[in-house]
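Got the viewer open? Let's walk through this one stop by stop, selecting as we go.

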Amino acid sequence: MNLKPLGDRVVIKQLEAEETTKSGIVLPSQAKEKPQQAQVVAVGPGGVIDGKEIKMEVKEGDKVIYSKYAGTEVKMGDDEYIIVRQSDILAIVE
């Protein structure tokens, strides 16, 4: 099964949380903060949405930072994805 986003939506896969702190302390799974970095898996076509021209500025493979409470979580098989609007993506990590 394959996810194909519509309009200005982007499918992202969350990057793994850090297992240890910089000082070497191992964190239990409950203490890990959900990372806000993700990798772009698929990008919608953009186009005219609500009367505005939307140009997609992210592409597959980009690492991005997104809003903490944005998007819809989707589980496909063993993988979890988040579908967000392009406007919920705050920055591209280079």
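Before clicking on anything, keep in mind that this is a predicted model. Switch to cartoon and take in the whole protein: zero helices and eight strands, so labelled by the usual DSSP runs. Read along the sequence, the pattern is simply β-β-β-β-β-β-β-β. Of the 94 residues, 23% are buried. If you show the surface, you are looking at about 6,900 Å² of accessible area, with 49% of it belonging to carbon and sulfur atoms. Contacts reach across the sequence too: among those between residues at least 6 apart, 63% join residues at least 24 apart.

**Stop 1: the sheet**

Now pick out the six strands that form an open sheet, in the order β6-β7-β1-β2-β5-β8, with antiparallel pairing. Which strands stand at the edges? Select 72-76 for β6 and 89-93 for β8: each has a single partner strand, so one side of each is left without a neighbour in the sheet. Turn the view and look at the twist: neighbouring strands here are turned by 40° against each other on average, ignoring direction.

**Stop 2: along the pairings**

Select β1 (residues 9-14) and β7 (residues 79-85), an antiparallel pair over four bridges. Click Val11 and look across to β7, where Ile83 stands opposite. Keep Val11 selected and look towards β2 instead: there the residue opposite is Ala42. The β1 and β2 pairing is antiparallel as well, over five bridges.

Next, move on to β2 (residues 37-43) and β5 (residues 63-66), which run antiparallel and are joined by three bridges. Gln37 is a handy marker on this seam, standing opposite Ile65 in β5.

**Stop 3: the core**

Show side chains for Val10, Ile12, Ala38, Val40, Met56, Val58, Val64, Tyr66, Ala70, Ile82, Val84 and Ile89: these 12 residues make up the largest nonpolar core. Colour by strand and you'll find that β1, β2, β5 and β7 each supply at least two residues of this core. In soluble globular proteins, nonpolar side chains tend to be buried together.

Zoom in on Ala38. Beyond its neighbours within four places in sequence, Ala38 is in contact with Ile12, Lys13, Gln14, Leu15, Asp62, Lys63, Val64 and Tyr66.

**Stop 4: Gln39**

Step along to Gln39, also in strand β2. Is Gln39 buried or partly exposed? At 32% relative accessibility, Gln39 counts as partly exposed. Draw a distance from its C-alpha to that of Val64: 6.2 Å in space, although the two are 25 residues apart in sequence. Leaving out neighbours within four places, Gln39 is in contact with Val11, Ile12, Lys13, Leu15, Gly61, Asp62 and Lys63. Look for a polar atom of the Gln39 side chain, which lies 3.4 Å from the backbone oxygen of Gly61.

**Stop 5: Asp62**

For the last stop, select Asp62, in the loop between β4 (52-54) and β5. Asp62 has a relative accessible area of 11% and is therefore buried, the cut-off being under 20%. Where does its side chain reach? To the backbone nitrogen of Lys59, at 3.0 Å. Show everything around Asp62, setting aside neighbours within four places, and the contacts are Ala38, Gln39, Val40 and Ile92. That brings back two residues from earlier stops, Ala38 and Gln39, each in contact with Asp62.

Notes
Residues numbered from 1 in each chain as written. Predicted model: local features only at pLDDT ≥ 70, side-chain atom pairs only at ≥ 80, totals over all residues. Heavy atoms only, no water. Pairing = 2+ DSSP bridges. Axes fitted to C-alpha atoms, helices over the stretch in contact; angles between N-to-C directions. Core = buried A, V, L, I, M, F, W, Y, C linked by side-chain atoms within 4.5 Å. Buried < 20%, exposed > 50% of the residue type's maximum accessible area, 1.4 Å probe, protein only. Contact = heavy atoms within 4.5 Å. Polar contact = N/O pair within 3.5 Å; in protein donor to acceptor, adjacent residues only side chain to side chain. Areas by Shrake-Rupley, 256 points an atom, 1.4 Å probe, with all protein chains shown as cover.
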